[in-house]
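Let's walk through this one together, question by question. Have a look at the chain below, and then we can begin.

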Amino acid sequence: MTHRYLLITFLSILCIFNSCEDIKDLENSEQTEQTDQENQDNQDNPDDPGQSDDPGQSDVPKPSFYTKVDQDYGDWTGDYLITYTDAGSIIVFDSWDDETYGQSETDLAQYLTGNGIASEHGDPCKSKVTAVGDYYSINVTNVGYIGYEGGGNALAHTSYVPGTADTEYLWKISYKDGGSIWLRNAANDSRRLQWNLSHPRFACYTGSQQELTLYRRGTQTEGPTPDPTPDPTPGPTPDPTPDPTPDPTPDPTPGASGKYGWYELPVMNIKTTGNWLTDASDASLYYAYHLCAGNEKGPGGKKARNYTVCYSSEHHCPVWVAAPRHSMYESGASRTDAYGKDPDIPSDIQYHSKSTGGGCNKGHMLGSAERLSSTATNKQVFYYTNIAPQYSSTFNTGGGGWNILEDWVDKQVCSDTLYVVIGTYFEKYTDRRGYTETPQTISFGGRNDVTRPSMFYYILMRTKSGKSGKALSDCSASEIKCAAFVRSHATPKSISVSEKDMMSVSDLEKLTGFTYFPNVPQAPKDSYKASDWGL
């Protein structure tokens with residue numbers, strides 16, 4: 001089945017609110033004294049700045065309340081009560097003990113009304129949440145900025161104001177079905193703030209304790225103002241410019257794939273469904289992005305991204321994975337073999353186990369060797385959403401059809417960054433060598449409803465020189481090369497990469513229904529030269 005997609009908005013992922021500047025009083029008492037004529041002018045002009053639309057309207061402040069958060073927000077900046085809430089109590093995080101760390105003896109349940117918890121009772125216990133780059137700092141009243149520095153479950157705290165590099169003291173915030181809030185540590189994604197009911201305290205656990213509830217400060221009539229386009233993702237908002245190129249300012253031009261302008265992204269038509277990113281045109285498609293979990297940085301200290309995935313609930317298999325390739329990702333850690341479910345894709349549509357079947361083994365889309373910059377980042381490529389069934393005897397093996405193509409692609413990595421899309425295909429396919437394969441439903445990964453793809457492809461884009469030091473958005477079409485490399489799943493071992501594997505990117509678009517590289521509109525997608533790739 002092919003799918004044609006609209007331009008991605010990605011507005012469902014993020015709404016960035018501009019901070020308001022403090023308004024200064026620019027006039028002294030003598031300057032603000034109006035003449036009789038000025039007063040008359042004001043009466044004649046009801047739209048004059050400073051003139052109330054309703055002079056009889058009182059400016060008495062509206063009462064403020066903390067109300068329970070029951071949705072996701074694109075911007076979590078504001079004042080909150082961090083609590084463990086059950087049927088009879090609202091335990092708020094507002095104190096510290098050096099042995100038990102985050103604790104509280106304050107129960108706000110007695111102050112809960114139909115409007116929420118009045119600010120006079122909530123303000124002495126509040127936590128101030130502030131955006132810091134992709135994450136948030138949390139300053140707890142009477143405690144300071146909280147974080148996680150490792151060492152068991154212990155929280156840490158400091159009076160130092162954390163910056164973008166201080167990820168141990170920064171947090172990812174997301175709303176979960178059922179009303180709980182996840183506060184995940186930016187430096188250690190597996191740790192989140194929870195309440196220990198047996199040993200009463202707030203600390204960082206891997207999910208074994210009680211989930212938290214937030215109450216957000218707002219006025220009585222407004223409540224906690226919701227973001228009109230809430231971000232449903234349980235992870236950080238992607239940075240628009242984390243490309244690991246030598247260019248100090250490689251900002252991609254925002255384009256059809258949305259605000260972020262990542263060069264490798266295909267067009268996606270995103271909408272939000274509960275906590276997930278789905279496709280507005282095809283409800284079977286889910287999207288997730290993963291920033292590097294090991295604190296890898298690109299130019300200017302920006303957090304480097306790992307990959308973006310499109311996953312099919314119909315085929316229980318990745319449809320494509322898009323990622324940057326660069327030498328900065330390829331050393332520093334070892335292969336983890338940490339197979340597991342992707343936290344940003346619904347669990348019930350993924351594989352259940354590492355088991356194989358249908359004559360296939362576990363084929364990485366983005367390979368383990370391509371993400372060895374840290375242990376945490378390597379673990380992410382072992383998410384099941386990055387794994388597809390590939391023939392174990394002919395395709396995904398030493399000298400196999402896919403391995404030979406992967407080895408060849410490795411040689412295309414350059415200092416300017418190689419941008420790749422690795423994809424699958426689920427209709428009958430015959431390649432230019434005459435190898436034909438048909439998709440088939442098989443048992444794989446603990447499921448009996450997985451589609452074995454008929455074809456796999458790589459799409460590559462980079463500068464021709466590989467060392468220009470320029471961002472792609474600053475390059476002309478003549479400086480860029482891009483092409484698709486396609487192999488039938490029936491490709492036998494020992495078949496070298498040649499022009500027979502190639503097609504133009506636009507021809508592959510016609511086959512798959514996806515649109516690739518919308519953020520590089522000058523990319524030469526309609527043609528290719530084998531000689532540009534040494535073939």
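Buried here means under 20% relative accessible area, exposed means over 50%, and partly exposed lies in between. Please keep in mind that this is a predicted model.

Q: Is S127 buried or exposed?
A: S127 sits in strand β8, which spans residues 127-132. Beyond its neighbours within four places in sequence, S127 is in contact with G78, D79, Y80, I82, F93, I138, N139 and V140. Its relative accessibility is 0%, and the cut-off is under 20%, so S127 counts as buried.

Q: Is Y435 buried, partly exposed or exposed?
A: Y435 lies in the loop between β25 (429-430) and β26 (436-437). Its relative accessible area is 27%, and the range between 20% and 50% has its own class, so Y435 is partly exposed.

Q: Which residue, 55 residues apart from Y435 along the chain, has its C-alpha atom 5.8 Å from that of Y435?
A: Leaving aside neighbours within four places in sequence, the contacts of Y435 are Y429, T430, S488, A490, T491, P492 and I495. The C-alpha separation of 5.8 Å, across 55 residues of chain, belongs to the pair of Y435 and A490.

Q: Which strand gives the most to the largest nonpolar core?
A: The largest nonpolar core has 86 residues, and W320, M461 and F485 have the most contacts inside it. With seven residues, the strand that gives the most to this core is β29, residues 455-463.

Q: Which residues does M461 touch, not counting those up to four places away in sequence?
A: M461 is one of the residues with the most contacts inside the largest nonpolar core. Its partners, once residues up to four places away are set aside, are Y263, T417, L418, Y419, L472, I480, K481, C482, F517, V520 and A523.

Q: How many residues are in the second, separate core?
A: In general, nonpolar side chains tend to be buried together in soluble globular proteins. Here a second core stands separate, and it includes Y84, F93, V129 and I173. Its size is 32 residues.

Q: Why do the buried residues of α6 lie on the same side of the helix?
A: Helix α6 covers residues 505-512, and its buried residues are V505, S506, L508, E509 and T512. What covers them includes β24 (418-425), β29, β30 (480-488) and β31 (502-503). They lie on the same side of α6 because, around the axis, they cover an arc of only 155 degrees.

Q: Which residue just after α6 takes a positive phi?
A: Helix α6 runs over residues 505-512. Just after α6, a positive phi of about 90 degrees is taken by G513.

Q: Why is α5 largely enclosed by the rest of the structure?
A: The buried residues of α5 are G401, W402, N403, I404, L405, E406, W408 and V409. Their cover includes β21 (317-325), β22 (360-364), β23 (387-391), β24, β29 and β30. Helix α5 is largely enclosed because the buried residues number eight of the 10.

Q: Which element gives the most to the lining of the largest pocket?
A: About 630 Å³ of space lies in the largest pocket. Of the 30 residues that line it, D189, S190, A293, P343 and Y383 are the closest to its centre. At least two lining residues each come from β13 (181-185), β19 (285-291) and α4 (375-380). With four residues, the element that gives the most is α4.

Definitions and conventions: Residues are numbered from 1 along each chain as its sequence is written. This is a predicted model: local features need pLDDT of at least 70, side-chain atom pairs count only at pLDDT 80 or more; totals for chains, interfaces and linings use all residues. Side-chain values use heavy atoms; hydrogens and water are left out. Buried means under 20% relative accessible area, exposed over 50%, partly exposed in between (1.4 Å probe, protein chains only). Contact means heavy atoms within 4.5 Å. A nonpolar core is a set of buried Ala, Val, Leu, Ile, Met, Phe, Trp, Tyr and Cys residues joined through side-chain atoms within 4.5 Å. On a 1 Å grid over the protein atoms alone, a cavity is a set of points where a 1.4 Å probe fits but cannot get out, and a pocket is an open set with protein on both sides within 12 Å along at least five of seven lines; lining residues have an atom within 4 Å of a point. Grid points are joined across faces, edges and corners, and a volume is the space filled by probe spheres set on the points. The arc is that of the directions from the helix axis to the C-beta atoms.
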